[in-house]
Amino acid sequence: MAAEDEAELSLLECRVCFEPYGPDGQRRPLNLPCGHVLCRGCVGALAGAERRRLECPFCRRLCGPAETSDCRPLLQLLELLGPGGGGLASALGRSGGGAAAPAPAGLGLRLCLGGWGSLVNPTGVAACPGSARLAVAHDGKKRIHVFGPSGFCLRRFGERGDAGNDIKYPLDVTVTSDGHVVVTDGGDCSVKAFDFEGRGVLAIREGFSLPWGLDATPKSEVILTDSEAGALYRLTADFQRGELKKCQMIRSRLVSPRAVAVCQTSGAVVVIEHLKTRGPSKDSTRVKIFSAEMDLIGQMDSFGLNLVFPSRIYATAVAFDKEGRVLVTDVCSLAVICLGKPEEFPIFNPLISHGLSYPVGLTYMANDSLVVLDSGDHSVKVYNFGL
């Protein structure tokens with residue numbers, strides 16, 4: 001049997017009992033909360049007669065049978081292959097070369113701003129909800145740059161230093177609906193807020209291990225990841241008065257969560273976890289989607305995404321579009337990919353597949369523009385639909 005055929009067979013069979021997956025019954029593929037996939041029969045066998053808890057045979061994480069969910073990508077593959085089988089490569093619509101699908105027509109580059117000298121190793125980008133302004137965090141002398149709709153830099157603030165309102169090393173940035181710029185500072189493990197004139201209004205320095213990604217809700221609350229603590233927080237503050245009202249942990253036991261995004265219509269939250277692997281295997285990422293009530297409603301790791309995309313995916317940034325679809329940047333294919341809405345998650349639709357060097361930031365603007373932060377050439381690229 002050819003190596004390609006063996007790979008296809010192993011992809012479509014349970015890695016515990018080595019029986020082929022099927023669309024129904026005991027052979028139906030199920031996702032465990034850790035991201036590994038088993039058939040329904042093996043899930044039941046591992047849970048035992050009382051069906052209370054089971055241990056993943058690969059990573060040893062404990063879960064309950066009720067926490068499993070259908071593995072949609074495998075079920076879609078089985079449907080494509082049909083009862084007669086067929087080649088996996090043909091089911092995915094790809095050739096042996098594994099070339100990425102072309103970007104859909106109608107998405108064009110409208111503006112490119114920044115560049116080396118203007119921006120230095122940028123790490124985060126955010127759009128102002130009330131205007132077309134963009135805030136960018138980077139490693140220059142003035143850590144935050146604010147750009148207008150035409151791409152002109154309106155102001156720079158956030159000195160590099162050790163003073164109270166200085167920013168040692170910015171990791172991400174967001175802009176609240178009341179016009180405040182909020183930054184995670186990895187240098188002193190704090191969260192700092194500024195008005196649009198650059199005046200520091202609030203600094204939160206206690207309670208975090210390594211605050212990383214953040215995004216603002218329509219109510220000017222801030223959803224924040226703590227990468228080292230493996231937690232997700234909600235910050236409620238009166239930024240006008242510089243008062244922190246509440247810092248609430250809303251999710252724990254995450255694995256090195258970094259990028260995060262909030263859907264402005266449904267309140268859903270999507271997080272990218274960075275998974276460490278043992279041995280020669282490369283690290284991978286996992287995308288998790290939570291409802292507004294913080295119930296897990298979907299997830300997919302790099303292995304699962306490879307079932308619907310022909311090459312390895314390593315997600316670095318995430319955003320929601322105006323329809324509530326999840327978008328991610330991928331530094332392996334140097335692309336922006338749409339994974340669909342939470343209820344259909346994940347599908348695969350490449351939006352941008354050329355012209356990016358190392359995409360690390362992503363935000364969607366109210367004027368139907370998609371903004372990509374490209375650390376590879378120290379720039380911000382604004383794409384419009386319909387061009």
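1. Val-175 has Val-181 as its bridge partner in strand 12. The model is a predicted one, and this pair is a good place to start reading it. Strand 11 and strand 12, the latter covering residues 180-185, pair in the antiparallel sense over 5 bridges.

2. That pairing belongs to an open sheet. Its 4 strands run in the order 11-12-13-14, and the pairing is antiparallel. Strand 11 (170-175) and strand 14 (200-204) are the edge strands, each pairing on one side only. Neighbouring strands of this sheet are turned by 20° against each other on average, with direction ignored.

3. Another open sheet has 4 strands in the order 6-29-28-27. Its pairing is antiparallel. Which strands stand at its edges? They are strand 6 (107-114) and strand 27 (359-364). Each has a single partner strand, so one side of each is left without a neighbour in the sheet. On average, neighbouring strands here are turned by 20° against each other, direction ignored.

4. Take the strand 27 edge in detail. Strand 27 pairs with strand 28 (residues 369-374) in the antiparallel sense, over 5 bridges. Leu-362 has Val-372 of strand 28 as its bridge partner. As background, strands of a sheet pair through backbone hydrogen bonds, either parallel or antiparallel.

5. Now the internal space. The count comes to 4 cavities of 30 Å³ or more. The second largest cavity holds about 50 Å³ of space. Which element gives the largest share of its lining? Strand 6 does, with 3 residues. Strand 6 is also an edge strand of the sheet in point 3.

6. The lining of the second largest cavity can be listed in full: Arg-110, Leu-111, Leu-113, Ala-132, Leu-134, Gly-148, Pro-149, Met-365, Asn-367 and Val-382. By class, 7 of the lining residues are nonpolar, 2 are polar and 1 is charged. Arg-110 is among the residues to look at when inspecting this lining.

7. Last, the cysteines. How many disulfides does the structure hold? The number is 0. Cys-17 is in no disulfide, and the nearest cysteine sulfur, that of Cys-42, is 3.7 Å away. The cut-off for a disulfide is a pair of cysteine sulfur atoms within 2.5 Å.

8. Is Cys-263 buried or exposed? Cys-263 is buried, because its relative accessible area is 4% and buried means under 20%. Cys-17 has 27% relative accessibility, so Cys-17 counts as partly exposed.

Note on methods:
Residues numbered from 1 in each chain as written. Predicted model: local features only at pLDDT ≥ 70, side-chain atom pairs only at ≥ 80, totals over all residues. Heavy atoms only, no water. Pairing = 2+ DSSP bridges. Helix = DSSP H or I, 4+ residues; strand = E, 2+ residues; numbered from the N terminus. Axes fitted to C-alpha atoms, helices over the stretch in contact; angles between N-to-C directions. 1 Å grid on protein atoms, 1.4 Å probe; cavity = no way out; pocket = protein on both sides within 12 Å on 5 of 7 lines; lining within 4 Å. Points joined across faces, edges and corners; volume = space filled by probe spheres on them. Nonpolar A, V, L, I, M, F, W, Y, C, P; charged D, E, K, R; others polar. Buried < 20%, exposed > 50% of the residue type's maximum accessible area, 1.4 Å probe, protein only.
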